[in-house]
Amino acid sequence: SQDFCSLYGWTSLVIVCCVLGIFVNALRKRITPIFFRVYERHTLPERPSEPFSKIPSICAYVPQALIPGHLFPVLLCDVSNISPDIIGWEDPQQPSYRLHSAIYDLPGLDERNVFSFIHQWPPATTNSD
């Protein structure tokens, strides 16, 4: 009977420790996010197959001002060194942006470097022969 009591005592202790361990683990899982940040791994989006310079919806930053009463913005820079495709808008009646540029409004203003410069470096073309 004494052996049975000893075996019963140790078995009860193991079961109580297991139940207590499960309870403590569940409590730890609920309390840990309150005090510590949990790292969540984010996956990167897939890289597009088309090069950045070939996406037609992406336009360059071209300094311009919207003036009430005008259909198109006034360009505040010289756009002669860039492709018209990256400006972001076009005037169907005037294919040249010279009339929309504030640089040419006053004579001699384009030589004084008052406005911003904008340049475009198109991507290098590769010959796939």
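Contact here means heavy atoms within 4.5 Å. Keep that in mind as you tour this predicted model.

**Stop 1: the helix.** Select residues 2–35 to light up helix α1, which has 34 residues. From its first C-alpha to its last, α1 reaches 48 Å, close to the 50 Å expected at 1.5 Å a residue. Now centre on K29, where α1 has a kink of about 30 degrees. The proline P33 follows shortly after that kink.

**Stop 2: the cysteines.** While you are on α1, show the side chain of C17, which is partly exposed, with a relative accessible area of 47%. How many disulfides does the structure hold? There are zero. For C17, the closest cysteine sulfur is in C18, 7.1 Å away and so too far for a bond; a disulfide needs the two sulfur atoms within 2.5 Å. Next, jump to C77, which counts as buried because its relative accessibility is 0%.

**Stop 3: the core.** C77 is also one of the ten residues of the largest nonpolar core. Select the others with it: V62, L75, V79, I82, I86, I87, W89, Y97 and I118. Then pick out I86 and look beyond its neighbours within four places in sequence: I86 is in contact with C59, A60, V62 and Q120.

**Stop 4: a histidine in a loop.** Finish at H100, in the loop between β3 (77–78) and β4 (116–117). Is H100 buried or exposed? Its relative accessible area is 13%, so H100 is buried. Show what surrounds H100, again leaving aside neighbours within four places in sequence: the contacts are F72, P73, V74, L75, W89, D91 and Q94. Among them, L75 and W89 belong to the core from the previous stop.

Notes:
Residues are numbered from 1 along each chain as its sequence is written. This is a predicted model: local features need pLDDT of at least 70, side-chain atom pairs count only at pLDDT 80 or more; totals for chains, interfaces and linings use all residues. Side-chain values use heavy atoms; hydrogens and water are left out. Helices (H or I, at least four residues) and strands (E, at least two) are DSSP runs, numbered from the N terminus. The expected span of a helix is 1.5 Å times one less than its number of residues. The bend at a residue is the angle between axes fitted to the seven residues ending there and the seven starting there. A nonpolar core is a set of buried Ala, Val, Leu, Ile, Met, Phe, Trp, Tyr and Cys residues joined through side-chain atoms within 4.5 Å. Buried means under 20% relative accessible area, exposed over 50%, partly exposed in between (1.4 Å probe, protein chains only).
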